[in-house]
Structures are given as C-alpha cells and as structure tokens.
Amino acid sequence: PRVLPGSPRKPHFDKILVANRGEIACRVIRTARKLGIRCVAVYSEADHDALHVKMADEAYCIGPAPSSESYLKMDKIIEVCHLSGAQAVHPGYGFLSENAKFAERLSEEGIVFIGPPASAIISMGSKSESKNIMTSAGVPCVPGYHGDNQNPEFLFEQATEIGFPVLIKAIHGGGGKGMRTVIEATPDAFYEALTSAKRESLKSFGNDTVLVEKYIQRPRHVEVQIFADSMGGAISLWERDCSVQRRNQKIIEEAPAPGLSVELRESLSAKAVAAARAVKYVGAGTVEFIFDNDTQDFYFMEMNTRLQVEHPVTEMVTGLDLVEWQLEVAAGNPLSLDQSSVPLVGHAFEARIYAENPRNNFLPDSGQLLYLSTPTPTLTLPQSYKPSPTLSSSNVESVAPTLVSYESVPPSVRLEQGFAQGSQIGVYYDPMIAKLIVHGKDRSEALRMLRKALDEYHVVGVSTNVEFLRTLAGNQAFIDAELETGFIPKHFHELFPPVTESAPEVLAQTALFVTLRDYPKQQASTAQSPWTSLVSRRFGGDVYERMIHLQDDAFTGEAQPRAVRIKSVAAGLFDVEVKTSSGTPVKFYGVSAKLISPTSLSITLNDKLSTIIIVSQPPPPFIPASLSHNTMERLHVFSGGRKTTLVIPTPKWLLMQGGDVLSAAAGTGALKAPMPSLVVEVRVKVGDRVEKGQGVIVLESMKTETVLRAGISGIVKAIGCKNGEMVQEGKELVNIEADEET
Amino acid sequence: GTRRALQKVGLQKCSKRLYHPTVLPSLISTTSPEFISKKEAMDDLIEELDAKTAKARLGGGATAQERMRSRGKLLPRERLALLLDPHTPFLELSSLAAEDVYSDYIPGAGLITGIGRVSGRECMVIVNDATVKGGSYYPLTVKKQLRAQEIAREHGLPCVYIVESGGAALPHQANVFPDREHFGRIFYNMAQMSALGIPQISSIHGISVAGGAYVPALADENVIVQNQGRIFLAGPPLVKAATGEEIDDESLGGGMMHSTESGVTDALARDDNEAIIRVRGIIGDLGQAGYRGVLPEEKVEGPVYSAEELHGIVGTDVRQPFDMRDVISRVVDGSRFREFKKDYGSSIVTGFAHIHGYPVGIIGNNGILFSPSALKATQFILLCSQRQIPLLFLVNVAGYMVGSKAEKGGIAKDGAKMVRAVACADVPKLTVIVGGSFGAGNYGMAGRAYSPRFLWMWPNAKIGVMGSGQLSQVMTSVSKDPSQHATLKSEIEHQSTALYSTARLWDDGIIKPTDTRDVVGLGLALASRRPSSGNQSRTGRSTTWDGNGMGFGVFRM
C-alpha cells in the first residue's frame, strides 16, 4: 500500500539508543544523524575510545569488556534508555538483536524495539518451528526431519528416507557449530556424527536437539532482503548471493545473485514475502535459501530477524537506506515503495575484512591496528536512484524488478568501519575490522572496483584476509560466477598459491627504507654539527656501505635471512645488491630514494618511479631488551598491490641470550599468558602436585580455548589468576616448583 | 670585472647573494687549455690515490680475511662499521700509513684509526687489523696509535680500542719498544687520559698478549669475547718454559676466566657482534665524561662555486701559481670571505669566513713571504687569538724571501714574529697543505712541528726543506760531484711527496681537494669541543697549549 500524497506521516523518534558497537553502531548513528535523530551509545570499558562512542551524541559505559557483562546486559541498557530519554533501541546485528526477551522487556518499559515483534523472533529462532510454518505457508523447505524424537535409530531411519548425504544440525545452532555432514549411508558413520554434533550443540547452546536434512552437494546461499510494515505491507528488496564462505561464515556477498532468471528472482521474492507474512513480520528481515546449483531448486533455510551484516549490497543496488526504512517502520509509517518501484541498479559487492589468518584455516587473530590506510570512499550512505524521464508502465502486481531505467550512476566505493588506527581488534569481540562495499554498473565493473579498493586497503598489526580477498576477487572461477558454498575448498590451490621468496625489488625497497629511516635526526630549527649533517660521509675514495639483513615472514622455504648491501653513492642515490638463494646477487645501480613520509618511500628502481608504503612494527615487548633497536622489527611492505612482511632477524648472540633466559625460566616452571585472554578455568590450587604436560589453566581468547600445560613436574607454588579474570599477555599465571630430582 | 662575475654567479645560483660584498668572485675559465691540463693531471693523481687507498682498505687481503671469517670473527672494518652509529661520518686518519716503508706490505700500518660517532658521541676509534701480520705493532703502528691518542687527548674524545694483536713485531722491537714515543707510551697515554676524564674503553676480540694485555687492563671499562679474546702476560709456551705449568689458551686467559675469576674484564660477550653492541652501550653511559662539541651559530650554506674546479685551479705542479682565494671560495660557507689587510703584504691572504657554520680565520699563501706578509699574518693570528676564532692554514709556500734587501729589511725577525705567533696562538689550528710547504714557510704556516690539531695534505702537495729545483742549485754551489746531484735530487723529490709524508705519519692523511670543506668542517666541530659543564672539576684542565691564555712571549721588534 503506497502512501497517498498528503497522508499524515508519523514523526521519527527524537532520540534512539544504539545497543551495539563497531561498524554497525556507526552505520546506525550515521543515518540517525542524517535524519536529525539524537543517538545514545553504550559501551564497555574496553570501548572507551571507540569510534561509535565518539560519533554518538551521548554515551554510557555499561560494564566491563566481556559482552556478557556489557553489550548483553538488558537491565543496564534499559536503565540507560530511561536515563537518557531514548525512545527506541536499535540492536544492530549480533548481541541482543534476535533476543525475543529483550524485545519483550523493552515493550514492557514503553520503549520501541527497532526490529520485528517478539513472536516473529521466537518463531524464526527455532529451526524446526520455522520450517513447519514455512511448509504450511507454501515455502519450499529442504526435505528433512525436524521433530522431537531424538532416538538415534529413528533419526537414522529418517536420514535413510530423506536420502544420503544428509546434514545433522543443532536446532539452536548457528555459525557452523553443532553441524555435521554424513556422506556414507552407514549407521556407524551416522551415529558418530550424531554424537559429536549433539555434544558440541550441548556445549555451545545448552541444548542437544538436532534435525536431519538433505545435504545438497553444490549449494548456493541465496537470501532475500524483505521489509514489512506494521500495516501488513511486505516487499522484497531483491536477493543477495553469499555463497563464498569460510568456516561456514560469509566472507563476500553480492547483489543481485548472478545468473538468476527473471522468473526465478520473481519466485524467490514471492516466497520470501510469503514467509514474512506467515509470521506477521515487521521491519527488516532476511529469508535465507539454499539454492541447488544442479536442479535450480531453492529451499527455505532460515529467516534472520535483524539487519544483516551484508545489508549494504542491497542498499547499493536499490539506492535505499535500510536503516532509515527501519526507523520509518518502527515509527509506525507504511513502506514508501511498492514492489514494482523497487529499483535494481547495477551490481554490488561487499568484502568483509577480518583479523584472521587465511593460510592458517582462517583462524581469528587479535591485536592492535598499528597502521590503517584505506581506499577513499566515494559515498558514506546510499544515494537514491532517480528514474530516467522516460516513463514506463507500472505493473503494481509484479514482483519482478521494475523495467524503469535509471540515470547512469558512477561506480562507487563505500566503507563501513568501526575502528580507527590504534584500536584493539578481536580480543573480546568479533574480529571483523571493516566492510568494503563497491557498486558498479555490472558485475565485472564492480569486481574491478573491488580489486582496486582491496589493493589500497593496508592494515598492520593483525593478520587480515585482505590479500586473500584480493586473490578471490581476481580468481577466474569467481569472475565467471561459478558460485557455491564449497567454493574455497574447491579452488583451494588457486586461492592459496605457494608463498614464494620475496622479489629482490621488495628487499631493495625495504632496505632503502631502513637506510633512510635510520638517518641521524636533523633539527630544522638550529644549525647542525657536520657530525650529524654529513650523512654517511666517507673520505679519500671510501664509500659508506651498510648491510641490512631481512627475512621473509611468510615464506618458510628458506629460513636464512637475505643480505642487502646498500652503498651510499651520493645524497639520495644508492647502489643496491640483494643476495638471492640462487647465489648470484641481483644488483640495482643508481637507485634514487627518498622518504616522503614516515611510512612512504619514493623510489626509482630500474627507471621505474613508484611510491611504496612501508610500516614498521616494533618487536613485541617480551623479546629480550637489546641495544640494537630494530632487532625482530617487522616491516610491512605494500608494493604493487601485494603485502610482504619482512623481519630484521635477531642476531645470533641475542638468540643465544634468549635461549639462556628461556632455559633459566623453564626450570622455574612459571606459566605465562601467551596472549591477552580470559581465564576460563584454574584446574589446580596451591600445594597440588602436577605432572609434566598436565593441563593447569584453561584460557579463552578470540572465542578459542587454549589449555596451558605444566612444563615440569612438581608442586604448585603460586597461582596468579582466578576464574573469569582477564589477563594481559605475559602475566605469570601459575608457578610450579620442580621436584627435587628433576 | 668583479661586479660582472658576481652578477653571473647571482644569475646562476642564488639571487640573494648578488650584491653581498664578501662573496668572492671567480674569474676561472674552466675551458682554458691550462685549466684542462691541470685538471687532467690532478684527476690522474686522485685515481692513483683511490687505487692505493682501496687496496690498503682490504688489509691483509682475501686469504687473511677468509681465515678470520672462518673462525666466526668479524673483519676489523666490519667491527668498525657495527660500532659506528649508522649513516654518520667517519674521519679516518692516515689510511696510507706505512705505505712502501717496510719490506712487507703493512697496509695502514695494521691499524685503523679515526673519529666517528658511537651512541651519539664522537669517539676516537682504534682498531687492530689482525689480517695484517696478526695485528702486530710495527714502529709506524705505534706512531699511528700515539697520534690517535694525541688527537683524542686534545679534543677530549673518548677512546675505543678494538683489540686483536700479538703485540710488538719482534724484528722491529728496537724501534717499537724502548724510546719515549714507543709502545709504553700507549699505556701512559691511557692512564693520563683516564685521569683527565677522557674515558678509555676496550673490547678484546682476539689475543692481547704481553704488553698488549695492558690495553684491556688499563681501560676504564672493557668487554671480552668468549672463546676468542685472550689476555695474558705470557702465553702457554712461555709459561711452560718459565714455570713448567701446562695450560691451554682459554684457561690461561680466556673470557670466562677473566670475567668470573681474575676480574680483568667487565663483560663477557658471546661473539664479536655482542661485544660491539656492548661497547656501544658503555659509550651510551659515559655521562659527563669527555668533552662535548658546540653547535655552530650560523646556518650552514654551501660554497657558491663547485669544489670540482679545484682540480683545474691547483693542478699538480707546485711551480705553477694560483690565487688562494679561488681555493677559499670553494671551501667556505657561501663563498663569503671578509678579507683582512687585502692590499698590504699581498703574498699572504688573511680573512674571516665560516665553514659548516663554524667561524674560522684563514691564512693562505699567494707567493713568497716578505716582511709585510709575515707582519700581516702575525697581526691576524693575534686577532684570532683575541677573538678565540680557530685558524685554518691553506699552505702553498716556497719560503721566506732571501737576498740582501730582505735581510736588511729584517725578514729573519719578521718571519720569527710569525713563527712565534703560530707557535703560541691561543686558538686551535688546522693545516691543509694544498701545494708546497717548503723551508721556514713550513714553520710559519703551522707545519707538523707547530702542533696543529690536524694536518692534512692534498695528493699533489710537496713538503721539504726547499723545492727540488732550488735544492739542486744549492748542491751545485756547495758540492763538487755532479753525478751525485741527480740521484740526490730525485731522492729528495721522492721524499717530498704527499705519499712519502703520509706513510711516515708526518700528516693525518691525504684528502681530496673536493673533501676539504667537509673534512675541515668536521675538524672545526672537533676543535669546538669543551669539557661539559657538569664535569668542569675533572676535565676542566686544558689538555692543549691553546685555550690556556699563556700569551706570546717576547716579539723581536
């Protein structure tokens, strides 16, 4: 139902509270600010200096760093609502966004929850219930058993009926936890997978009920963005493809899904709208489907009752601000567009930049963003598309995208980030650093924009997936849109080419950076002593030479550091000789180089002028103190769209000294926290006898548990931590006194 | 002419300098045949110098270097490079010492000496080159080390001794051991400098035996490399002969023993790298000891004219005259020179300038010294003494004028005035011999005997009691045998060369004309050094004649 001209609109809220952090909190605040709505931020002690706190009009600290004590604390958030006079709460995604109890509590308190009614959250929160609802609403579901009978033999029978391969899934599961695939149609294989899925589910969600479904071999993950108002209006804002995943989590999303026929798109949208209607949905929601590449069938998977991480790709192709729409709907206004007038312009991608290590099974990383340099965004919020003057017939009943053509839009780059240089990433919260969104007139233009933008995205301090995303965006199969959820394992070798020894050019560039960086400091204000101003000066035909040793951080083929000889021929002019593993050194003559900022080097190498970004990362504090200040220093080089990390190796004597210190420390039996982490469990007490290798402390960091084990057998002399405590890296947690005879 | 030249300069370089009255003009034609032939001759000489220096810098050669490396040691120059702050200048001294002196090739006299920055402080660095005859001390090795210590003492420079030496070269012991300026003087100097508040630091990288054992022992603080450095008064064979005791090197004088038992050493390093890093740490903790340089007051600007042109201006034939102002204008800041008494005693040029921002009084030769020239120079030295402005002598002197007219005019007493003023000047003196330095002119122009802080020679420079031409005329008049004259003439010519001089430590090294400005600038920065205010009581005592305000004695009027 379209808003009639002149019909009264309900006013927006004056003030809302954003119950989230990071990029999504910033995203919500940005739209609110655009609409003149004041924003209240909440933050944990760890987020005192966070960007969302700075952007908000007012901010309240709601507790210590762990989210269970801050961002998940409903009482505290409701208290802040009253304190600040916020009329509504935007939950973002994650945290309390799909918590029905929170939605209920808010409405009891007279505060508007910017999201669906609690009943819809409850219906969609349970996988089995949601499928029953969908089936009755005529939305196709994956064949499977979603009942309460958890008898293993019964479940095996059901699996046989559905037909192998099957998937066993925890009904409260998510994020890949409590999920197992069974390929082999044998009871043994089935029971083993069942037991392990139940165990994990119980541990993660406190419930071990599972469902069994058909396993689709070449599935795509296609989801439809829907929007519904409180008057019963519901439309689709078209679909997104999020097939390329790692660890069952999305990594790159695009809209529209490539290769869908108009009919298929129409059908998907219609089913998604039907799904929304079935639960009397209000607000922004996403209906996820499994799309079978082989049969072109799609099945309902689940519905997410929140604004999703990847909502910007939809915004880019529709030109709609979804947060603004959420606020409109929450204020009680009807949807401002009908289905036929929803634009679908061009193609958009979103790449999620995570602190993680793709080459190490995408394990999350944590640390400080020592350096962050991003491509320059061309816009911050979606811009609405204006239909070109040529009018076309408007078919109100159609759910297919309108045929109205839009004025040509220039390609654009958008960046959603919640962190600035210096922020800590991934210790307490999700390790996502930012989202990079590009929009182009077609898929190939958007991909080109994406590759360029990723080339310009430089992070130092944590490992990131930027280079992986760059490889992915340039992968032929990805370019050809051969999408499926198993894309990464299928194309593993192309996506992870072997790490090669760094090019001599990169070593030369890095060595010259070190050279210029180490020049004696000149004070511009006063006259200089020639003992500092005559840089590298030698007399009587002598030439200043310096050897710089560099070691590849990632390359494991040859551990030997490589020597670079720098000769200072004249001011700013050098001869460079790089030793290679093949033996013959590579020589560059008459290289001119100049530092144009502390992190950028302008260099002419082999007659090619280029500007290279090099960021120095000082050695971690636990490296034994040394007078040679750049020992173990890491140099992150961004050259020609590639990131290379080189290390200034520790000299032999310092390693020997380190060895001496370590062997002295080993005898003491002191266990130290290897990284900032949460103490989950202290398994010993003072006076206990422990055996070498016995687990003593369980730590959790980045949602991963680590068991610290005793290095020696002996008696526990002291304990330096307690359950639930956050400990800093290097803190001594347990001290064990060795047995006399050892 | 001057005006036009200035305009030309202004157009070429910097218009601000256009009307400055003290900017020296340059009337040099770089395309004249004379200029070109002088330049070519100088280029050849420099090429020869480069070749000799490059060879000397390799020390004992590839085989000896490889032997040292195979023992896990760093080469002497690698130790030096690691010791110095990266990208700072190094003013090496007498790198061609002992060149063609001994029957063996002893490059650099087996010792590397020079001034460089360590942990932000200028230090005198003395490195034994064990690739040259095991780093043993030849007579010139001793002389080179004593000269380095003398410079250190005069400038309050902390001394770093990087030791690896078998001690005195036995066949030369008569010229190494007994005399006042021989081996023992090294330790005398170390003891006295330490007393004067000038730190003496050493690190031991190889054997340091007999007399050599006293270098670490007399150091204020030292480091030894384990399983490599060895300190003992007598080695195992001698011990066995003397006492019958059988013992190996490491137990007798190794790093572990000296660091844990004898206390001869203060720190034990695992290898050469660590030892050098530890020495850098020691220098970083010298506190108020030693002198500190003073920053120049003036902003530094380069000369207006190219130093490359010095080759074609000066050439290599000492009989060919040139205007010293053309040298000065290529050395001093902004080519600015405020000339003193320009039109009086014109065979000597005196005036004030700055080099690398430091004020300097320059005395240069433009011909034979007459009475007025000597008197003018004397007055100028008194001026500089009063104003505490260091003196730079640019030497190209054939001597004082001879003949009845000159003698009647009292050239002897006027020359003596100049010599007395030079000897007693209350300011540091730096000498660069850019052409000839003959006869008493050598005295008046601050020759080695007049203790300039530094004395450098250009490769074309000549030094002798008189020019070889004059000398053979004198010989003809006093001797009967003409056949000997030719031999003597060529012998004296050979002995007058810069190479002959530098091999015997009559100077602190041969420098290129193009290096002059920077070398002198570094020298002036060193001459500016004073005891730090926090340590006046200890290092307040002057270690030089100049700076003591002693005055000039009796001038013969």
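**Exercise 1. Describe the contact of chain B with chain A: how many residues of each chain take part, and which elements of chain B give two or more residues?**

Step 1. The contact joins 43 residues of chain B to 26 residues of chain A, where two residues are in contact if their C-beta atoms, placed from the backbone, lie within 7 Å. The model is predicted: local features need pLDDT of at least 70 and side-chain atom pairs count only at pLDDT 80 or more, while totals for chains, interfaces and linings use all residues. Residues are numbered from 1 along each chain as its sequence is written, and chains are lettered from A, with ligands numbered from 1, in the order in which they are written.

Step 2. Two or more residues on the side of chain B that touches chain A come from each of helix H2 (33–57), strand S1 (90–93), helix H11 (272–284) and helix H21 (516–527) of chain B. Helices (H or I, at least four residues) and strands (E, at least two) are DSSP runs, numbered from the N terminus.

Step 3. By class, this side of chain B has 16 nonpolar, 11 polar and 16 charged residues. Ala, Val, Leu, Ile, Met, Phe, Trp, Tyr, Cys and Pro count as nonpolar, Asp, Glu, Lys and Arg as charged, and the others, Gly among them, as polar.

**Exercise 2. Which domains make up chain B, and how many residues does each give to their contact?**

Step 1. Chain B is divided into domain 1 (61–292) and domain 2 (307–528); the bounds come from an automatic or database domain assignment.

Step 2. Domain 1 of chain B gives 20 residues to the contact and domain 2 of chain B gives 12.

Step 3. On the side of domain 1 of chain B that touches domain 2 of chain B, S1 and helix H5 (139–155) of chain B each give two or more residues. The largest share, six residues, comes from H5(B).

**Exercise 3. Which residues of the largest nonpolar core touch the most other members?**

Step 1. A nonpolar core is a set of buried Ala, Val, Leu, Ile, Met, Phe, Trp, Tyr and Cys residues joined through C-beta atoms within 7 Å.

Step 2. In the largest nonpolar core, of 168 residues, A:Leu17, A:Val89 and A:Leu512 touch the most other members. Helix H17 (residues 504–517) of chain A gives the most to this core, with seven residues.

**Exercise 4. Is A:Ile712 buried, exposed or partly exposed?**

Step 1. A residue is buried if 20 or more other C-beta atoms lie within 10 Å of its own, exposed if 12 or fewer, and partly exposed in between; C-beta atoms are placed from the backbone.

Step 2. A:Ile712 counts as partly exposed because it has 17 C-beta neighbours inside 10 Å.
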